[in-house]
Amino acid sequence: MVRSSSLIVALAASAAFAQKPAITYKPPPPGEDDRPLITEIVAGSQGSDYAFKIEFNKEPWGEGCANRCANATIFLDTDNNKATGLKLKDPKAAETGADLAVTIQGVKVYKETSSRPVLKVRVRQYAEDSTDIDQGRELGELDPVQDSERVLAQGTSVFLLIDANVGDLPTASKARVIYHPPDSKALVGTIGGLAAGASRIELFKDGKLSNPVKKKKTDYEKL
């Protein structure tokens, strides 16, 4: 993976990201053919956004993982209410009640004679008639180039700001975060919802506030 000095970002010690992770997971030691798995999710609200710091057990995109890069989904029950959002056949399933799904994928974009690694973040909303995780309404697709103010990938970490104004998401003072690792039980954590308000999560660049700033063309963009 090519890294640029302009992407060396330090996270401010704000209350939201200084808090304990909503979810932690210790996966088995990864093999060469295993996809990267999430090991830690820190989440909170930032104004009208949901902010995430997501840690993987190995780099989620790039040449290092070749064709076995990340394909991980985080579910968010934005009003902590299983009666709204996704209605799985099993009402006791952890994902039942999810209103939002955020999928992080490391993929390759192919051209006639070449290919390049790309990180994609797909956002999907679940309505009252959604009975399967694939039935949600696509709200958008983000990447670190086109959406540099909302997506940052650095090593094994991915930072996200997901706009809660896109779609018609319910809100409450608490929200549930769900991650279901392969061949494991679903993991659930609780965070403060948008209705509760929270300290602003600030990203800094070279010690200076960068929220947002216009960045020069990076090595990632030159790939």
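1. **Main core.** In this predicted model, the largest nonpolar core holds 36 residues. Five of them touch the most other members: Ile41, Phe52, Leu160, Val177 and Tyr179. Strand β4, residues 49–56, gives this core its largest share, with 4 residues.

2. **Second core.** A separate core of 7 residues also exists. Phe75, Ala94, Ala101 and Tyr126 are among its members.

3. **Val177.** This residue deserves a look on screen. Setting aside residues up to four places away in sequence, Val177 touches Ala22, Ile23, Ile41, Ala43, Ile74, Phe75, Leu76, Leu187, Val188, Gly189 and Ile191. That list includes Ile41, itself one of the residues with the most contacts to other members of the largest core. It also includes Phe75, a member of the second core.

4. **Gln125.** Is Gln125 buried or exposed? Its relative accessible area is 6%, which is under the 20% cut-off, so Gln125 counts as buried. The residue sits in strand β7, which covers residues 115–125. Its side chain makes a polar contact of 2.6 Å with the side chain of Asp168. Asp168 also appears among its contacts beyond four places in sequence. The others are Asp99, Leu100, Gly136, Arg137, Leu139, Val166, Gly167 and Leu169.

5. **Asn71.** Here the relative accessible area is 45%. That value lies between the 20% and 50% limits, so Asn71 is partly exposed. Asn71 belongs to strand β5, residues 71–77. Which residues does Asn71 contact, leaving aside neighbours within four places in sequence? They are Arg35, Thr103, Ile104 and Gln105. With Gln105 there is a polar contact between side chains, at 3.1 Å. Val107 lies 36 residues from Asn71 along the chain, and their C-alpha atoms are 8.9 Å apart.

6. **Secondary structure and contacts.** How many helices and strands does the protein chain have? The chain has 2 helices and 14 strands. Take the contacts between residues at least 6 apart in sequence: 60% of them join residues at least 24 apart.

7. **Burial and surface.** The protein chain has 223 residues, and 45% of them count as buried. About 11400 Å² of the chain is exposed. Carbon and sulfur atoms supply 48% of that area.

8. **Where to look.** For the polar side-chain pairs, go to Gln125 with Asp168 and Asn71 with Gln105. For the largest nonpolar core, start from Ile41, Phe52, Leu160, Val177 and Tyr179.

Definitions and conventions
Residues numbered from 1 in each chain as written. Predicted model: local features only at pLDDT ≥ 70, side-chain atom pairs only at ≥ 80, totals over all residues. Heavy atoms only, no water. Buried < 20%, exposed > 50% of the residue type's maximum accessible area, 1.4 Å probe, protein only. Contact = heavy atoms within 4.5 Å. Polar contact = N/O pair within 3.5 Å; in protein donor to acceptor, adjacent residues only side chain to side chain. Core = buried A, V, L, I, M, F, W, Y, C linked by side-chain atoms within 4.5 Å. Areas by Shrake-Rupley, 256 points an atom, 1.4 Å probe, with all protein chains shown as cover.
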